[in-house]
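Reader: Please go through the salt bridges here, with the reasoning behind each assignment.

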Amino acid sequence: MSIAAGGTVQRIDQFFAMHSGRADYWRDLTNLAQEWALGRKQRKDVEAAREDLSVIEAFHAYHGPRLFGTLGEYIARDDASGAAALTRRISNSLLTRAYRHRPGEWELHDQQDAEEVTDVLPPSLGERDLRRPYFEVLFVTSQPASRWPALAAELRRLRRPEDGFVYEAVIVGSLEDAFCAAVVNPSLNAAVLVEGFPYQSRYDAPALRSILKPFGVPENTKDLTLLLATALKRVRPELDIYMVSDRDVEALAGDHAADCVRRIFYGVEEFMEQHLAILEGVQARYETPFFDNLKKYAMRPIGTFHALPIARGKSIFRSDWIRDMGEFYGINLFLAESSATTGGLDSLLEPTGNIKRAQEMAARAFGADHVFFVTNGTSTSNKMAVQALTAPGDIVIVDRNCHKSHHYGFVLSGAQPFYVEAFPMTEYSMYGAVPLATIKRALLSLRAEGRLDKVRMLDLTNCTFDGHMYNVRRVMEECLAIKPDLIFLWDEAWSGFARFSPFFRPRTAMGAAADIEAWLRQPSSLASYERQREELGSSPSDEALMAARLIPDPRKVRLRVYQTNSTHKSMSAIRQGSMLLVKDVDFHSVEAQFHEAVFTHASTSPNQQLIASLDVARRQMELEGYSLVMNAIEIALKIRSAINTHTLISKYFRVLGTDAMVPEQYRQSGFQDYLSPGIGWSDVVNATRDDEFFLDPTRMTLVCGTAGFDGTQFKGLLASQYNIQINKTSRNSVLLQSNINNTRSDVAHLVRVLVEICQGIEKQLTDGGDQERAAFEARVKSLMTDVPDLPNFSRFHEVFRKTSGRATPEGDMRSAFFGAYDPAICEYVPLLGSECDRRLREGPEMVSANFVIPYPPGFPIMVPGQVITQETIDFMRKLDVKEIHGYERAKGLKLLRADVMTG
Ligand SMILES: Cc1ncc(COP(=O)(O)O)c(C=O)c1O
């Protein structure tokens, strides 16, 4: 293992495994020590392994310098059995996490105790856990390392029985060490920076530099404490930062640069104050205003004389016939059910109490100015955003492959979609994301036609179903250079959790908006803009604008960014829990419209449990989101590697790497894939920063056509025979997704299942002989090469392209949609019959009357008013999903009669 003193953290999987992998390293060290005790290894082997761990271990509170030092002593005095016992104990404590709750785990015992193996296991799922939550606090100090154990002990002495949480200190002595600790130790929830520490680490560890360098922490500056505070906030915005200074703290507190510091203390004398502030800071994130009140409400003896008989559970538990429902869900669900909006609860439609506070806390956590909780999924959040931000006649530049909720939103608001196409991945029957050049071209063409003022919004999906993440900042900056007041709606249904990873955050709407906001404040930004303006000249051609990486005019930019996310898809919210995030300098101008949108779409009986789960999901992400997202990435990298390097599995299956998912022209950094040989950790960081598209590693396209399965068939097989649930399929692939709840056991299970399936294929091929093999090869060929072309959006029928007689790319979809309400102007043409082919050949043109949306993935291949072309028909005929919304097989395609429309 090469993560420590002598080695470097090169590969990205090593990086993400650094925290959870500690238990593995310790298990290896334990085995080594055991082997030494049995005479099969030498002292120097154990010594080297311990040394190898030393740097990274210093960034974690447990085992602490004492136990680690003692291990060193055992090794130095050739006490192999002592070393084996102690490594076993530490290793076990890390694995069971017993050190978080048993003070004895930190103590130095005599040899006999050291051999005692911890038998405490974490409570099982659903079991009551009365232990106080544990976290770690980073202390950065200039005190000599010899003083650190005493400092840790002093901090421990401050604990009181009434404290809500317990913490241990991780003490480091330099900016470099502090930054690395924050990156590699996800248990940290606060940092105390005591002024006076140096920049450089006491370790000469390339590992450390290799972590630090790609993050671009600036070299030595005058004010190291504020520099560190800012750097920490950049990687871990949720961390509470405290400063201890003996300077002019009053002046410091007024300094803008200290905005990211939660509290400044003068000198070290306020130890207890620091302790209380740390606990209070964590409490401020732990607090869940709505959920806390709901729990209290549930415990009150309340008589209900209004609707919702299920509330309090009496109709359930007293029934002979439905009692099992109560037993299954438990009494609390019914005690917490209520249709009240008073008495400690609040109204989602017009929140003034704890829902309002819960939303404000979510805004803080997700880096937004405002958040709306939505209880009918992101399907509703998107419709709300579209309705609130656009009006009839507005043009929205939108990815045609975006989720159907956007398209329905346009029908509701009357906005006219200007569809732009994502790059196709025909081989796998899926789409990528929309190239920036396509978006710029659309804006420039509208500008050339003098219609830029009609353009209201750019609406994109980030990340896409299959994991393409935009270079969000670049897209917004270049668009703002063309239209400085353009509104952005980023549908981040799948990637709400991305906020909590420093690798993903810049590629999220809120992360990029914060970066742009900071850029707008820098005086140098105007100079860069002016420089580019000079270079481009006073009236640059469209081609010049297309070729340049456009810089917006900071004086004109109105930064208006919206994000929707299915909190239930990537965080611990109950199904349908969603959030709509707002970061809009002109929000005041649309706020009333948002209230209308809430009134339009929110149920007047929103589900309390759903709202509570949004509140709780926020709490979790603020306190352990960093670790959970790291875990999801680590699991994904393990799956990718396990499948693609397994001799048997990789004969039939493979997970597509970035090189297969993102065409080369969109990988400006030259990045190939996470696990490509020679690709280093810093290459990944560069790719996240520079590439036009970046693949979210947690979304894994598993090609199954090469094993003779189409996507739907393989999904069915995994579900019915192996209890593995997946969602999206394509003709020859399925999408695997790692999540914050996955464990390494899940990886092992998946690998076992794939091995079993491969063994089945091999047996079938061997038993079936040449005939079977030929049939298998033909099936693979059909799935992998006989793939339909992906149909681009054709065009809206002339009738729906009304602008002063000119053909426009955008269309009045709303009129087409409502036109179809009149049966007299509708007709049906069977998809498979000859009439369909005849109409394609001879006309009149077929015009779709409604949305036709295969599910999954849930984007329309036909929209109301769209002219149906051969490509669309070919694609539909080859579709392999069962659920196609808007298409009734028995009747055929529902069309608008062109003769009536044009007549
Ligand atoms: C990109 C995208 N946006 C929005 C949604 C709708 O989200 P929800 O299921 O939370 O309504 C989905 C659902 O799959 C989606 O893929």
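**Salt bridges and burial**

Author: In this predicted model, Glu-827 has a relative accessible area of 21% and is partly exposed.

Reader: Which residue forms a salt bridge with Glu-827, and is that residue buried or exposed?

Author: The partner is Arg-839, with the closest N and O atoms 3.0 Å apart. Arg-839 sits in helix α34 (residues 834-842) and Glu-827 in strand β20 (residues 826-829), so the pair ties together parts 12 residues apart in sequence. Buried means under 20% relative accessible area. Arg-839 has 5%, so this residue is buried.

Reader: What is the N to O distance between Arg-555 and Glu-530, and how exposed is Arg-555?

Author: The two side chains meet in a salt bridge at 3.7 Å, N to O. Arg-555 lies in the loop between α24 (542-547) and β14 (560-565), and Glu-530 in helix α23 (residues 523-536), so parts 25 residues apart in sequence are tied together. Glu-530 is partly exposed at 29%. Exposed means over 50%, and Arg-555 is exposed, its relative accessible area being 54%.

Reader: Which residue forms a salt bridge with Arg-22?

Author: The closest N and O atoms of the pair are 2.7 Å apart. Arg-22 belongs to helix α2 (residues 22-37) and its partner to helix α3 (residues 43-57), 35 residues apart. Both residues are buried. The partner is Glu-57.

Reader: How many salt bridges does the structure hold?

Author: The pairs Arg-22 with Glu-57 and Arg-839 with Glu-827 are among them. The total for the structure is 57.

Notes: Residues numbered from 1 in each chain as written. Predicted model: local features only at pLDDT ≥ 70, side-chain atom pairs only at ≥ 80, totals over all residues. Heavy atoms only, no water. Salt bridge = Lys/Arg side-chain N within 4 Å of Asp/Glu carboxyl O. Helix = DSSP H or I, 4+ residues; strand = E, 2+ residues; numbered from the N terminus. Buried < 20%, exposed > 50% of the residue type's maximum accessible area, 1.4 Å probe, protein only.
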